[in-house]
Amino acid sequence: MEFFDKVGKAALGSRLRLMTAAITDDASKIYELYGVDFVPKWFPVFYVLTEERELTITEIANEIGHSQPSVSKIIQEMTNAGIVEESLKTDDKRRNNVVLTAKGLSLSKTIQQQLEDIDVAIDGLISESKHNLWAALEEWEHLLGQKSMFKRVSDQKKLRESKDVEIVEYEPKYKEAFRALNVEWISKYFEMEESDYKALDNPEEYILKKGGKILVALYENEPVGVCALIKMENSEYDFEMAKMAVSPKAQGKSIGWLLGKAIADKAKELGAKKIYLESNTILKPAINLYYKLGFEKVFGLETPYKRCNIQMELVL
């Protein structure tokens, strides 16, 4: 227990495995206590067969949440022990149905008595405990079903690392990064077009001097993301959010979200009421990000880009 006190919650899996090992060891002794020659890992398969009487391996696997290979191995072991057998009642040769043998049915009566005693023993343990582990397990299973431990840790990593991301305004020293980051992602999915070269080769002339802005995301003082706010000559929209690119090596740090949020805030500062963007639906993470930022799909504007197949707007 001293080890778990030192490591803390990161050792959750190890601690649960240790408790599982102790309970499984006791389970073997309990079967011996009732004179039952039975392996604890067989119990989930055995139990569903006592209820349903005749099931395929696939149906058993789905019912108990195990893999088919795992269930197949258990069925083979239980067949060798004379507890289950393949059903001869079905004419469908594609179905490998499994049923309890006479020995298995007899065993189920003994095990039923055992289960009643176990229920009482566990109720006693719960009443002695400050916390109801059984109820907690059910709650944890539900919560982890909604959001896995991997996703929770991944989100925490992203949140922690995003705190080290700094969003700054464009300076001439970031010109090469602005171009390189955009060329990298555009070339990965599409082809560079004339309008790309205009903005990327001359950002000061094409974007900044016309009243636009460029923001740069720094991670450990290195430019890893960029996004531009381009002034539009359109009665509907004040600016276009464009040229957002994040380095692949810096993905997973919420940089796209931070840049998008900062660009929207910058547009508000400049008095904008509505901003516009163009994208392509093959960029699913980007489209999801835009929706998350509050953008909605629109139609009808002319575009200089061949790759554009979706247009969106954000009302500020």
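Is W140 buried, exposed or partly exposed? Here are a few friendly notes on this predicted model, starting with that residue.

1. W140 sits in helix α7 and is partly exposed, because its relative accessible area of 43% falls between the 20% and 50% cut-offs. This tryptophan helps make a nonpolar surface patch of about 510 Å², together with L12, L16, L144, M149 and V153. The elements that give two or more residues to the patch are α2 (12–33), α7 (133–146) and α8 (149–162).

2. Turning to the interior, the largest nonpolar core has 29 residues, and M241, I255, L259, I275, Y290 and F295 have the most contacts inside it. Both strands and helices give two or more residues to this core, among them β7 (239–246), β8 (274–279) and α13 (284–293). Helix α12 gives the most, with 6 residues.

3. M241 is worth a look on screen. Leaving aside neighbours within four places in sequence, M241 is in contact with C227, A228, G260, I263, Y276, L277, Y290 and F295. There is also a second, separate core of 23 residues, which includes V84, L100, L107 and I111.

4. Now to the aromatic rings: the structure holds 9 aromatic pairs. In one of them, Y31 and F38 have ring centres 4.9 Å apart and planes at 45°, so this pair counts as tilted. Y31 and F38 are both buried, and they form one aromatic cluster with W42 and F46.

5. Y170 and F178 make an edge-to-face pair, with 6.4 Å centre to centre and 75° between the planes. Both of these residues, Y170 and F178, are buried.

Methods. Residues are numbered from 1 along each chain as its sequence is written. This is a predicted model: local features need pLDDT of at least 70, side-chain atom pairs count only at pLDDT 80 or more; totals for chains, interfaces and linings use all residues. Side-chain values use heavy atoms; hydrogens and water are left out. Patches are made of residues with over 30% relative accessible area and no salt bridge: like charges are joined within 9 Å, nonpolar side chains (Val, Leu, Ile, Met, Phe, Trp, Tyr) within 5 Å. Accessible areas come from the Shrake-Rupley method with a 1.4 Å probe; for residues, only the protein chains shown count as cover. A salt bridge is a side-chain nitrogen of Lys or Arg within 4 Å of a carboxyl oxygen of Asp or Glu. Helices (H or I, at least four residues) and strands (E, at least two) are DSSP runs, numbered from the N terminus. Buried means under 20% relative accessible area, exposed over 50%, partly exposed in between (1.4 Å probe, protein chains only). A nonpolar core is a set of buried Ala, Val, Leu, Ile, Met, Phe, Trp, Tyr and Cys residues joined through side-chain atoms within 4.5 Å. Contact means heavy atoms within 4.5 Å. Rings of Phe, Tyr and Trp (its six-membered ring) pair if their centres lie within 6.5 Å; planes under 30 degrees apart count as stacked, over 60 as edge-to-face and the rest as tilted.
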